[in-house]
Amino acid sequence: MSQIQSFSRLSAILTMDNTQFLRGTEVASKKLAAFSAKATTFGANITRSLGVGFALAGTAAVKTAADFNRAQATLGAIVGKNTAAFGELNEQARELGRTTIFTATSVAQAQLEISKLGFNAERTKDVIKSSADIAAVFGSTITDVGKTIAATVNQFGLEAKDSGDVADIMAVAFRDSALDVSKFAQSMKNVGPTAKATGLDLKKTTALLAVLANNAVDCSLGGTKLRSTLSDLAKQFPDAAAGLKKLENGTLSYAELVELLNKRAALVGAIFQDQGDAIEEMEKKLDKAKGTTGELAGELEDELFYNVE
């Protein structure tokens, strides 16, 4: 009797309406198939994206290597590819590429530009070291800083070995005035040779440009007007320095300034009349400039290291 009841219960279960169950199974199967298709597509897209990314990275690496080799080849043609000097420049480029924010390629390109300005390999290395420090501290390219240092050395008839002193003067000027690499380079391009010809040294010229920059005189305009001022003063005094001293004493009226200088230079004369103390103060700072580039670079490195920690 009990066996019959069990059989009847089993029959009832097997003959129940299973339509809902089958429908649920069908829906689940479709969702699983859709998920599988999406997963396959996603995987393909990821693979494709990674492939493109690695390809672009590889292309960039090849281009960087090519740019470095091109700069090195041209540099080798200038200094002699099989010389010890070339090997030292090559090593410097790689070393700075490893230890600074600059790439070996950018260093090599800077070395090339400085070599074109007549610097031998030893002096080029000196300029590059100072350039890397100034560019890192004040936010410029190593090539722009290097070319500015080298050009300034040439404009004032200095020796290549003086490039470190030039860099220190630039560092003080950039730290303590509105001058920067671009403004300094443009101004010196316009006034540097005239300043030297009229008896001014680099420190005095830099102090004058710094004061003009602090008085919102555009860098290009400042260099041009200072050149005009020095030319006018040199015509009436033994040298421009003697005429500037008269201006900086602050005893001339504007009418006397216009008479002493041409109208275009009178603006500069008026600023120097009023800012004699500021010029003197900047000159004192520049007199103590030696070693400033290295100090500022060291402070930056310490700050970065502290922040990373």
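How exposed is Glu91, in terms of relative accessible area? Glu91 is partly exposed, with a relative accessible area of 40%. This value, like the others in this report, was computed from a predicted model.

**The chain as a whole**

The chain contains 15 helices and zero strands, and 38% of its 309 residues count as buried. Among contacts with a separation of 6 or more, 67% are made by residues 24 or more positions apart. The accessible surface of the chain amounts to about 17,500 Å², and carbon and sulfur atoms contribute 56% of that surface.

**Helix 6 and its surroundings**

Helix 6 covers residues 142–155, and its end C-alpha atoms lie 20 Å apart, in agreement with the 20 Å that its 14 residues should span at 1.5 Å a residue. Because 10 of these 14 residues are buried, helix 6 is largely enclosed by the rest of the structure. The buried positions include Ile142, Val145, Ile149 and Val153, and the buried residues of the helix pack against helix 4 (104–116), helix 5 (121–138), helix 7, helix 8 (181–197) and helix 9 (202–214). Just after helix 6, Gly157 adopts a positive phi of about 65 degrees.

Ser163 belongs to helix 7, which comprises residues 163–176. With a relative accessible area of 2%, Ser163 falls under the 20% limit and is therefore buried. Leaving aside residues up to four places away in sequence, Ser163 touches Asp126, Val127, Ile149 and Val153.

**Salt bridges**

The structure holds 13 salt bridges, and three of them are listed here with the distance from N to O.

| Pair | Distance, N to O |
|---|---|
| Arg98 and Glu91 | 3.4 Å |
| Asp165 and Lys290 | 3.0 Å |
| Lys204 and Glu283 | 3.0 Å |

The side chains of Asp165 and Lys290 meet in a salt bridge. This pair links distant parts of the chain, since Asp165 lies in helix 7 and Lys290 in the loop between helix 14 (276–287) and helix 15 (292–308), 125 residues apart. Asp165 is partly exposed at 34% relative accessible area, whereas Lys290 counts as exposed at 66%.

Lys204 forms a salt bridge with Glu283. Here too the pair links distant parts of the chain, with Lys204 in helix 9 and Glu283 in helix 14, 79 residues apart. Lys204 counts as buried at 14% relative accessibility, while Glu283 is partly exposed with a relative accessible area of 23%. Elsewhere, Glu91, Glu95 and Arg98 are joined into one network by salt bridges that share partners. Within that network, Arg98 is exposed, with a relative accessible area of 55%.

Key
Residues numbered from 1 in each chain as written. Predicted model: local features only at pLDDT ≥ 70, side-chain atom pairs only at ≥ 80, totals over all residues. Heavy atoms only, no water. Helix = DSSP H or I, 4+ residues; strand = E, 2+ residues; numbered from the N terminus. Buried < 20%, exposed > 50% of the residue type's maximum accessible area, 1.4 Å probe, protein only. Contact = heavy atoms within 4.5 Å. Expected span 1.5 Å × (residues − 1). Areas by Shrake-Rupley, 256 points an atom, 1.4 Å probe, with all protein chains shown as cover. Salt bridge = Lys/Arg side-chain N within 4 Å of Asp/Glu carboxyl O.
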